[in-house]
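Subject: Structure handover

Hello,

Here is the structure I promised to pass on. Please open it first, then read my notes below.

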Amino acid sequence: METPTMKPDTVLILDYGSQYTHLITRRIRSLNVFSLVISGTSSLKSITSYNPRVVILSGGPHSVHALDAPSFPEGFIEWAESNGVSVLGICYGLQLIVQKLGGVVVEGESKEYGKMEIEVKGKSEIFGSESGGEKQMVWMSHGDEAVKLPEGFEVVAQSAQGAVAALESRKKKIYGLQYHPEVTHSPKGMETLRHFLFDVCGVSADWKMEDLMEEEIKVINKTVASDEHVICALSGGVDSTVAATLVHKAIGDRLHCIFVDNGLLRYKEQERVMDTFERDLHLPVTCVDASERFLSELKGVVDPETKRKIIGREFINIFDQFAQELEKKHGKKPAFLVQGTLYPDVIESCPPPGTDRTHSHTIKSHHNVGGLPKDMKLKLIEPLKLLFKDEVRELGRILNVPVGFLKRHPFPGPGLAVRVLGDVTQGNALEVLRQVDEIFIQSIRDAGLYDSIWQAFAVFLPVRSVGVQGDKRTHSHVVALRAVTSQDGMTADWFNFEHKFLDDVSRKICNSVQGVNRVVLDITSKPPSTIEWE
């Protein structure tokens, strides 16, 4: 898929591997300004092709002194200055600016990690002329520090330890923040970003979801010839459903949807989802029950990455078979496969094929990206790959997808395979998990909490526990409950249930699900954990 046409006020982010890079993008988009991330080592030709108004250099785990330290291309600073493009370096990005423009960066005697207080020095553009002397808490994460600035730059904020916290060159329109304004741990960070974009750079807040929808429809029509057919893999989740609805709007009945029951679905998921597709969404969907096929391939597999690879491979094999059947019916084999891959999927699965990302660490291989076989015959169409989950829901509302469906909690492509720790085919793990999950989710709905939680689910743990049920000793399974709040799934906090709710749910599970005698609650945020257990 091609990238949608950029707007004149695009903010381009060069990614140097920070775990927070995606948050910069998300925060900027929340201001109705379009933002996009590309590799920090992209060519100058690639950077200029986006015609950005602002370029932000992200943080990263590297030291500018390392031999293989990533950097922007030769001529980048000269191009930015001559074209009036503002540049902001964050953390590593600041140090890169200092070093490349003739300043000095050294390993700091005192590392600065976590919350730190900074003080704004005098008048500055990036903080506003009235901010001199102001103190604020920010989130630092760096070992190196700038000790000598390039010519024409001045320090506009310092940390409590005396380190450079912010710098700027008004003449060159180049700015730097040693801390991360994009994280919530920097309370005034959004205010600083807003001031920088609108007051300093003059960016306009004119990006709307309708714009992206129209651009994606143009790209789809340009990619898919008028006589070609397209397959869409529907999972029953929000992402694939919105993707299917968007592609259907673009090419109509040349879209053929397939829903695969891989044996790893939730309680009564197949019948519930198919009913929604047919009754509310009016999408043409073929249901394929391949549960025995998937479970046979997964027998004995414990490693979560291997599970993802197997599931991704089997999905593609089924899609290829479906394509052959469509070829017999329509006289031409479909060449494209639509998937509801989102921006977080791409980021967490990086470096995925074709994205040229080289400086981030793979967290997990999403089956839409990292789990696809290299010899796949179908070409991918991923119309949501630039969007976060909440943006997909907004797009769905524009496309008239029922609100109740859009509010569904995310469900992973590999399904319950990543919620059963260990062999999914061993014993009755899947059936136990389905029952526990159904009780948990229904209890959340009954308590009126469903819309307040971003995702909730149960996990089957590969351990047994001694218990007492019916005055008898039992040696049964342990299950975990997980519920988180989040905006986009990239970071998350655990949901704080009332004790009575947890007490009631635990009793219901232990009294209703045979083989379970202990329920535990996951209270870990992301990071350090992921949302799914795996």
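Start with helix 5. Its buried residues pack against strand 1 (11-15), helix 1 (21-29), strand 3, strand 4 and strand 9. Helix 5 itself covers residues 189-200. Its buried residues are Gly189, Thr192, Leu193, His195, Phe196, Leu197 and Val200. After the helix comes Gly202, with a positive phi near 70 degrees.

Please keep in mind that this is a predicted model. The mean pLDDT of the protein chain is 87, and 91% of its residues reach 70 or more. Residues 1-5 fall below 50, and this stretch has 17 contacts in the model beyond near neighbours in sequence. Residues 351-371 also stay under 50. For that second stretch the model has 64 contacts beyond four places in sequence. Where pLDDT is low, the predicted coordinates should not be read in detail.

**Strand 4 and its partners**

Back to one of the strands that helix 5 packs against. Is strand 4 mostly covered or mostly open? Mostly covered: five of its five residues, 86-90, are buried. Both faces are covered. Ser86, Leu88 and Ile90 are buried on one side, Val87 and Gly89 on the other.

Strand 4 pairs with strand 3 (residues 54-57) in the parallel sense, over four bridges. There, Leu57 stands opposite Gly89. Strand 4 also pairs with strand 9 (residues 174-177), again parallel and over four bridges. In that pairing Ile90 stands opposite Leu177. Helix 3 (residues 76-82) joins the picture too: with strand 3 and strand 4 it makes a right-handed β-α-β unit.

Look next at Cys91, in the loop between strand 4 and helix 4 (92-100). Cys91 is not a glycine, yet its phi is positive, about 60 degrees. Its relative accessibility is 3%, so Cys91 counts as buried.

**Domains**

How is the protein chain divided? There is domain 1 (11-201), domain 2 (209-407) and domain 3 (428-521). The contact between domain 1 and domain 3 takes four residues from each. The centres of these two domains, taken over C-alpha atoms, are 43 Å apart. About 340 Å² is buried between them, and carbon and sulfur atoms give 57% of that area. Which residues of domain 1 lose the most area to domain 3? They are His22, Leu23 and Arg26, together 86% of what that side buries.

**Two buried arginines and a lysine**

Arg266 sits in the loop between strand 11 (255-261) and helix 8 (269-281). Why does Arg266 count as buried? Because its relative accessible area is 16%, and the cut-off for buried is under 20%. Its contacts, leaving aside neighbours within four places in sequence, are Arg408, His409, Phe411, Leu416, Arg434 and Asp437.

Lys268 is in the loop between strand 11 and helix 8 as well. It is not a glycine, but its phi is positive, about 55 degrees. At 42% relative accessibility, Lys268 counts as partly exposed.

Arg308 is in helix 10 (residues 304-330). Its relative accessibility is 2%, so Arg308 counts as buried. Leu298 is ten residues away along the chain, and the C-alpha atoms of Arg308 and Leu298 are 9.8 Å apart.

**Strand 16**

Strand 16 spans residues 472-485. Ten of its 14 residues are buried, so the rest of the structure largely encloses it. What does strand 16 pair with? Here are the pairings:

- Strand 15 (residues 455-469): antiparallel, over twelve bridges. Arg464 has His477 in strand 16 as its bridge partner.
- Strand 18 (residues 516-521): parallel, joined to strand 16 by five bridges. Leu481 has Leu521 in strand 18 as its bridge partner.
- Strand 17 (residues 493-494): antiparallel, joined to strand 16 by two bridges. Val484 stands opposite Trp494 in strand 17.

**After strand 18**

Pro527 lies in the segment after strand 18, and so does Pro528. The peptide bond from Lys526 to Pro527 is cis, with omega near -10 degrees. The bond from Pro527 to Pro528 is cis too, with omega near 15 degrees.

Best wishes

Methods:
Residues numbered from 1 in each chain as written. Predicted model: local features only at pLDDT ≥ 70, side-chain atom pairs only at ≥ 80, totals over all residues. Heavy atoms only, no water. Buried < 20%, exposed > 50% of the residue type's maximum accessible area, 1.4 Å probe, protein only. Pairing = 2+ DSSP bridges. Right-handed = clockwise from strand over helix to strand, strands pointing away. pLDDT = per-residue confidence, 0-100. Contact = heavy atoms within 4.5 Å. Domains from an automatic or database assignment. Buried area = accessible area lost by both parts, 1.4 Å probe.
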